[in-house]
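Here's a quick briefing to read alongside the model. Have the sequence and the 3D view open as you go.

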Amino acid sequence: MTKIHKRYRLTSNEEPTDEMLQALMEDVAQAARESSAKAEAEKKRRLQAVAKEIEEWKYTAGL
């Protein structure tokens with residue numbers, strides 16, 4: 001979070017500057033990219049775990 005965010009507080013008396021809005025939007029976009037990357041990594045981990053379980057089941061079932 002930049003200094004701009006610390007200065008801006010949403011009130012009815014003050015409108016954010018274009019610079020403040022741009023900084024806020026950039027932070028939101030970065031947070032969204034990080035969240036998507038974490039979700040993708042977790043999805044991959046879970047799919048690999050399921051594939052491993054299937055292979056183990058096949059082995060124990062003699063398939």
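Is Arg45 buried, partly exposed or exposed? Arg45 counts as partly exposed, because its relative accessibility is 47% and the exposed class only starts over 50%. Keep in mind that this is a predicted model. Most of what follows plays out along helix 2, with Arg45 and Glu42 among the residues that lie there.

**Overall picture**
- The protein chain has two helices and zero strands.
- Of its 63 residues, buried ones make up 10%.
- The chain exposes about 5900 Å², and carbon and sulfur atoms supply 57% of that.

**The salt-bridge network**
- Searching the whole structure turns up three salt bridges.
- Glu42, Arg45 and Arg46 are tied together in a network of these contacts.
- In the bridge between Arg45 and Glu42, the closest N and O atoms are 2.6 Å apart.
- Those partners both sit in helix 2 with a spacing of three residues, about one turn of the helix.
- Glu42 also forms a salt bridge with Arg46, where the closest N and O atoms are 2.7 Å apart.
- Here the spacing is four residues, again about one turn, and Glu42 and Arg46 both lie in helix 2.
- Glu42 is partly exposed, because its relative accessible area is 28% and buried would mean under 20%.
- Arg46 falls in the exposed class, because its relative accessible area of 53% is over the 50% cut-off.

**The Lys43–Glu40 pair**
- Lys43 and Glu40 meet through their side chains in a salt bridge, at 3.6 Å from N to O.
- Both partners belong to helix 2 and are three residues apart, about one turn of the helix.
- Lys43 is partly exposed, with a relative accessibility of 45%.
- Glu40 is partly exposed too, at a relative accessible area of 44%.

**The nonpolar patch**
- Leu21, Leu24 and Met25 make a nonpolar patch of about 250 Å² on the surface.
- Leu21 is found in helix 2, which covers residues 18–61.
- With 36% relative accessibility, Leu21 counts as partly exposed, and it can join a patch because patch residues need over 30% relative accessible area.

Key:
Residues are numbered from 1 along each chain as its sequence is written. This is a predicted model: local features need pLDDT of at least 70, side-chain atom pairs count only at pLDDT 80 or more; totals for chains, interfaces and linings use all residues. Side-chain values use heavy atoms; hydrogens and water are left out. Patches are made of residues with over 30% relative accessible area and no salt bridge: like charges are joined within 9 Å, nonpolar side chains (Val, Leu, Ile, Met, Phe, Trp, Tyr) within 5 Å. Accessible areas come from the Shrake-Rupley method with a 1.4 Å probe; for residues, only the protein chains shown count as cover. A salt bridge is a side-chain nitrogen of Lys or Arg within 4 Å of a carboxyl oxygen of Asp or Glu. Buried means under 20% relative accessible area, exposed over 50%, partly exposed in between (1.4 Å probe, protein chains only).
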